[in-house]
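Me: I should like to go through the terms applied to this structure and ask what each one rests on. Please show it to begin with.

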Amino acid sequence: MVELTPSEEYITMLYGAGGSVMHDFIKKYILKFFGDLEIQGLGIPLKALDDAAAVGDIVFKSDSHVVKPIFFPGGDIGRLAVSGTVNDISVMGAQPTALACGLILEEGLPLRDLQRILASIRETCLEAGVAIVTGDTKVVEKSGLGGCLVNTSGIGVRTESLEKNISVVRRYRPDFRERWILDSNLRPGDKIIISGTIGDHGIAVLSAQEGLDFGGDIKSDVKPLNKIIQRMLGEVGGVVSMKDPTRGGLADALNEFSEKSNVGIIIYEDKIPIKEPVRAACEMLGLDPLEIGNEGKVVIGVVKEKAEEALEFLRSTNEGRDAEIIGVVTDKLSGVAMETIIGGKRIIPRPIGDPIPRIC
Ligand code: MG
């Protein structure tokens, strides 16, 4: 588990755990040095801290994957490395096309394991319809890496589906001027949809880290979502914001939406899909499933007129069969609150950090 106190002098695991400590760290250090470097021409800059950047009409993203262990129930570091970058590009509304793959291999990694990972990268690329077009391989002495780290960077392009989506948004919101799907686009009245069950990935990785058997068949949900997202944009439309709720889980993703769009979000506890074994594992360990990371889910903010249609579309797909409308955007409060099953209201703060280390 991640230690809950950040250090003022040294990097601790919490600085990479996806919650408030990591966000503060990024603002205080990364943005301090890089935040005012300007893109030439139009774009979505680093300081937007969205899932990816846009440079002209190209969406650009880099993501290092440090999951431990490198093989876990339902996936491995290769599948994760492709899905992570593909999904961050996809939630901006772009279609990912090409990836770069940087491998940092630890001395002693069995070549048999490396082959499994490379095969998994290949298979996930074929699933997503993307190519690895460049890359790099480095080797380091045996240390604490756990076998290997994989960085993937990638680019995505604008599509007809994205243009269609934006024209649907403008039908209901004539003043909508954004060219991309951004965290800052939510307005009161929009509905919030989750594409499926939460917590599966984090709990699957935790079970592998700790050698725990929680019963049931807990598997990571890691998968590329670009095809289903592009179809939703083109066939339904009306989507204004999207996020893949990875480290820090749904709680962190919703707080990002709320902060950047400057709106409140109310979610309904009885609508949040959670698999029974994941719920049981969280209860046993005192974890909040809202704060556990996912790698094959998307949180969607959509204009209210299109919410039911978007839900119906998602439920007609394999990836979105457990989708639910889980909440609504409001100007009646700031931050995120949840109407609980017993009829109360609970504030959902940004988590300090994902309680499970090295899940992605
Ligand atoms: Mg993301």
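Reply: In sequence the donor residues of the magnesium ion follow the spacing D-x36-D-x155-D. This is a predicted model, in which local features need pLDDT of at least 70 and side-chain atom pairs count only at pLDDT 80 or more, while totals for chains, interfaces and linings use all residues. Residues are numbered from 1 along each chain as its sequence is written, and side-chain values use heavy atoms, with hydrogens and water left out.

Me: What makes Asp51, Asp88 and Asp244 donor residues of the magnesium ion?

Reply: A donor is an N, O or S atom within 2.8 Å of the metal (3.2 Å for Na, K and Ca). Asp51, Asp88 and Asp244 each coordinate the ion through OD, at 2.0 to 2.1 Å, so they meet that limit. Water is not among the atoms, so the site may look incomplete.

Me: Which of the terms buried and exposed applies to Asp51 and Asp88, and why is Gly108 given its own label?

Reply: Both Asp51 and Asp88 are buried, a term for under 20% relative accessible area, whereas exposed means over 50% and partly exposed lies in between (1.4 Å probe, protein chains only). Gly108 has a relative accessible area of 65%, and is therefore exposed. Gly108 sits in the loop between S6 and helix H3 (111-128), where helices (H or I, at least four residues) and strands (E, at least two) are DSSP runs numbered from the N terminus.

Me: How do you know that S6 and S7 pair?

Reply: Two strands pair if DSSP finds at least two bridges between them. Strand S6 (residues 95-106) and S7 have 9 bridges in the parallel sense, and therefore qualify. One of the bridge partners in S7 is Thr137, opposite Leu103. The open sheet has 6 strands in the order S1-S2-S3-S8-S6-S7, with mixed pairing. S1 and strand S7 (131-140) are called edge strands because each pairs on one side only.

Me: What makes up the contact of H6 with H9, by class?

Reply: Ile228, Arg231, Met232 and Glu235 in H6 meet Glu309, Phe313 and Leu314 in H9, where contact means heavy atoms within 4.5 Å. The division is 4 nonpolar, no polar and 3 charged residues. Ala, Val, Leu, Ile, Met, Phe, Trp, Tyr, Cys and Pro count as nonpolar, Asp, Glu, Lys and Arg as charged, and the others, Gly among them, as polar. Therefore Ile228, Met232, Phe313 and Leu314 count as nonpolar, and Arg231, Glu235 and Glu309 as charged.
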